[in-house]
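Let's take a relaxed walk through a protein model, one feature at a time. Keep the picture open and find each spot as it comes up.

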Amino acid sequence: MDNIVGQVPEVVGRNGEGTFALLENNDQRHIYAESYRSLRSAILFLAIEGDRPKVLLITSAVPEEGKSTIAVNLARTLALGGSRVLLVDGDMRKGRLHQALGLQSEPGLAEVLRQTADLEKVIQTD
């Protein structure tokens, strides 16, 4: 049996269907915000030997399951808790994290992998 690290309630984005349900500063959806704080704490204090994990991968075999929403909100929650965070959209076909965060789509991971852009020039801040 797999261990459950945390649970996040399903929430529709503020602009209706098909949008990210992004957390905001002082978000009034208290249960939703607390679920991400609880997930953050569970990850940071996992009972493991050695150093804490430095890389987290959010993945699923099913489309539209909330991977991007969880990745963005967990990254924001970790950052608000004082962690240094680099969120990478690894979806090479339908990446949308830049839209959710109001950032540029290019240059991005593809350009870094092709070595046509320096990593320092690709990293954007939210």
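Here is a short report, going from the whole chain to single residues.

## The big picture

First things first: this is a predicted model. The protein has five helices and zero strands. Reading from the N terminus, the order of elements is simply α-α-α-α-α.

Now for the chain as a whole. Of the 126 residues in the protein, 22% are buried. The accessible surface comes to about 9,900 Å², and carbon and sulfur atoms make up 50% of that. How about contacts along the chain? Among contacts with a separation of 6 or more, 44% link residues that are 24 or more positions apart.

## Two helices that cross

Start with helix α1, residues 30-44, and helix α2, residues 67-80. When two helices pack, people describe the pair by the angle between their axes and the distance between those axes. Here the axes come within 9 Å and cross at roughly 75°. Angles from 65 to 115 degrees count as roughly perpendicular, so that is the label for α1 and α2.

Which residues do the meeting? On the α1 side they are Tyr32, Tyr36, Arg37, Leu39, Arg40, Ile43 and Leu44. On the α2 side you'll find Thr69, Ile70, Asn73, Leu74, Thr77 and Leu78. Try picking out both groups in the picture.

## Three salt bridges

How many salt bridges does a search of the whole structure find? The count is three. One of them pairs Arg29 with Asp27, with the closest N and O atoms 2.6 Å apart. Are these two partners buried or exposed? Residues under 20% relative accessible area are called buried. Arg29 is at 18%, so it counts as buried, and Asp27, at 8%, is buried too.

Another salt bridge joins the side chains of Glu34 and Arg37, at 3.0 Å from N to O. Both residues sit in helix α1, three residues apart, which is about one turn of the helix. Glu34 has a relative accessible area of 42% and so is partly exposed. Arg37 is partly exposed as well, at 35%. You've met Arg37 already: it is among the α1 residues that meet α2.

## Glu111 and its surroundings

Next up is Glu111, which lies in helix α4, residues 109-113. Glu111 forms a salt bridge with Arg114, where the closest N and O atoms are 3.2 Å apart. The two partners get opposite labels: Glu111 is buried at 13%, whereas Arg114 is exposed, with a relative accessible area of 54%.

Who else touches Glu111? If you set aside its neighbours within four places in sequence, Glu111 is in contact with Glu106, Thr116 and Ala117. Glu106 has a feature of its own: a cis peptide bond joins it to Pro107, with omega at about -5°. Pro107 is in the loop between α3 (97-101) and α4.

## Two residues with a positive phi

Two backbone angles also deserve a look. Asn26 has a positive phi of about 55°, although it is not a glycine. You'll find Asn26 in the segment before α1. With 71% relative accessibility, Asn26 counts as exposed.

The other one is Glu64, in the loop between α1 and α2. Its phi is near 60°, again a positive value in a residue other than glycine. Is Glu64 buried or exposed? The cut-off for exposed is over 50%, and Glu64 is at 72%, so it counts as exposed.

## A nonpolar patch on the surface

Last stop: the outside of the protein. Leu86, Val88, Leu119 and Ile123 make a nonpolar surface patch of about 360 Å². One member of the patch, Leu119, lies in helix α5, residues 119-122. Its relative accessibility is 44%, so Leu119 counts as partly exposed. To finish, find these four residues in the picture and see how they make up the patch.

Conventions. Residues are numbered from 1 along each chain as its sequence is written. This is a predicted model: local features need pLDDT of at least 70, side-chain atom pairs count only at pLDDT 80 or more; totals for chains, interfaces and linings use all residues. Side-chain values use heavy atoms; hydrogens and water are left out. Patches are made of residues with over 30% relative accessible area and no salt bridge: like charges are joined within 9 Å, nonpolar side chains (Val, Leu, Ile, Met, Phe, Trp, Tyr) within 5 Å. Accessible areas come from the Shrake-Rupley method with a 1.4 Å probe; for residues, only the protein chains shown count as cover. Helices (H or I, at least four residues) and strands (E, at least two) are DSSP runs, numbered from the N terminus. Buried means under 20% relative accessible area, exposed over 50%, partly exposed in between (1.4 Å probe, protein chains only). Axes are lines fitted to C-alpha atoms, for helices over the stretch in contact, and angles run from 0 to 180 degrees between N-to-C directions. Angles under 35 degrees count as roughly parallel, over 145 as roughly antiparallel, 65 to 115 as roughly perpendicular and the rest as oblique. Contact means heavy atoms within 4.5 Å.
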